[in-house]
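Trainee: I would like a close look at one part of this model, namely the loops and the backbone geometry in them. Please also relate them to the helices around them.

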Amino acid sequence: MLDLRRFTGRELRLTDKLVEFNWGFLLLLVLIASIGFAMLYSVAEGSFSPWAYRQALRFAAGVCILLIAAMIDLRLWMRLAYPLYGVALAMLVAVEVVGMTGMGAQRWLNLGFVQIQPSEIMKVTLLMALARYFHGLTLDEVSRLRNLVIPVALIAAPVGLVVLQPDLGTAILLIASGAILLFAAGLRWRYFILSGALVLAAVPVVWGRLHDYQKNRVFTFLDPERDPLGTGYHILQSKIALGAGGVFGKGFMEGTQSQLNFLPEKHTDFIFTMLGEELGLAGGLVLLALYFIVLMFSLNVAMQCRNQFGRLLAIGVSMTFFLYVFINTAMVMGLLPVVGVPLPLVSYGGTAMLSLMFAFGLLMSVHIHRNVEISRGPSAFW
């Protein structure tokens, strides 16, 4: 059991935490989410139903989750890191047994009153578990081979289960998030170079095990016009819509590609394309600028934190958020293969929204408890 006496500094009261809470950051998230509500309103041809209304309710629930997570002591989150990871892993196993199938993949659990996607929850709990593990290691200990067995296992277990769903995009995100935590913890470069060489060597084997639709995504990425009415349809329509938007767009609810349903998945993965068509390059840059401010604030939280667990957790949340934005926007522009990654706070989706708001709640907890010192002795492992 974690001994709170090992921590120094005055204990923060609720009023202290409310003062320390960065309300400007929350306002920034509200602004980004509001852009999403507007786009979902436009997708439904000027109606709050079926998407904008539900998305607003989910965001409101997400704000409550963020506030609660932010007020909870960071030391308690550190203590809960492994149990929460275990719960998320158990849910991924449950997906394999009793999961729901949709769009060719078995990714959801039906809890009766709500359907959840455990892989989205794992993205956050994996960061917590890795941050806690590396908190207990010194910089020299991080690169010892025997100390890498546990973090590699923490990453490999959910990646293997997610690949079976199959959800290659989320698996790649989990690997990337884990690699970022390893780098931030101080793992030496030679391990990354060796891992890169192993990945290149494994490409022929992995390619042979990919599903046909996954191979087609790569072929389509390399040559979208090889099947313009089939596998290349999504990305070709996306490029047409972005190009048609020009600098200032066609106007709110005036996008022909999106309003006439030429643009597929416009309320989820391709919602940035719809924004680009209706609000143009200017609208897209405004949204990216807001994302950039979120990223800079998150990284600043990591730099200001005095304990390793909080610092690593903030870096993990920051860079995972960046990966979401980068992969989604690059995907809809045809710069990366289509892998089904949502645009944070804007794409329609329940579990992704709530998981991200929980992650931001953890980030805010790090900010509030940035001056708390946490022992890094061996007992910090457990």
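Mentor: What follows goes through the loops one by one, with the helices that flank them.

The model is predicted, and every value below is computed from it.

Start with the loop between α2 (23-43) and α3 (52-71), which holds P50. The peptide bond between S49 and P50 is cis, with omega about 10°. E45 is placed in that loop between α2 and α3 as well. Its phi is positive, about 60°, although E45 is not a glycine. Most residues other than glycine have a negative phi, and most peptide bonds are trans. E45 counts as exposed because its relative accessible area, 55%, is over the 50% cut-off.

A second positive phi is found in the loop between α14 and α15 (350-368), at L345. The value for L345 is near 70°, and this residue too is other than glycine. L345 has a relative accessible area of 4%, so it is buried, the limit being under 20%.

The helix before that loop, α14, covers residues 308-332. At 1.5 Å a residue its 25 residues should span 36 Å, and the end C-alpha atoms are 36 Å apart, which agrees. Of these 25 residues 20 are buried, so α14 is largely enclosed by the rest of the structure. After α14 comes G334, with a positive phi near 85°.

The loop between α11 (233-245) and α12 (256-259) contains V247. V247 is partly exposed, at 48% relative accessible area. Together with F248, L281 and L285, V247 forms a nonpolar patch on the surface, and the four have about 440 Å² of accessible area together.

F248 also appears among the contacts of E278, a residue of helix α13 (residues 271-304). Leaving aside neighbours within four places in sequence, E278 is in contact with residues including G249, K250, G251, F252, M253, E254 and G255. Others on the contact list of E278 are M39, S42, S258 and Q259. E278 is buried yet has no salt bridge. The nearest side chain of opposite charge belongs to K250 and is 9.2 Å away, whereas a salt bridge needs a nitrogen within 4 Å of a carboxyl oxygen.

For a buried helix residue, take L161 in α7 (residues 149-164). Its relative accessible area is 15%, so L161 is buried. Not counting residues up to four places away in sequence, L161 touches L89, L92, V93 and E96.

Note on methods
Residues are numbered from 1 along each chain as its sequence is written. This is a predicted model: local features need pLDDT of at least 70, side-chain atom pairs count only at pLDDT 80 or more; totals for chains, interfaces and linings use all residues. Side-chain values use heavy atoms; hydrogens and water are left out. Helices (H or I, at least four residues) and strands (E, at least two) are DSSP runs, numbered from the N terminus. The expected span of a helix is 1.5 Å times one less than its number of residues. Buried means under 20% relative accessible area, exposed over 50%, partly exposed in between (1.4 Å probe, protein chains only). Contact means heavy atoms within 4.5 Å. Patches are made of residues with over 30% relative accessible area and no salt bridge: like charges are joined within 9 Å, nonpolar side chains (Val, Leu, Ile, Met, Phe, Trp, Tyr) within 5 Å. Accessible areas come from the Shrake-Rupley method with a 1.4 Å probe; for residues, only the protein chains shown count as cover. Lys and Arg count as positive and Asp and Glu as negative; His and the chain ends are not counted.
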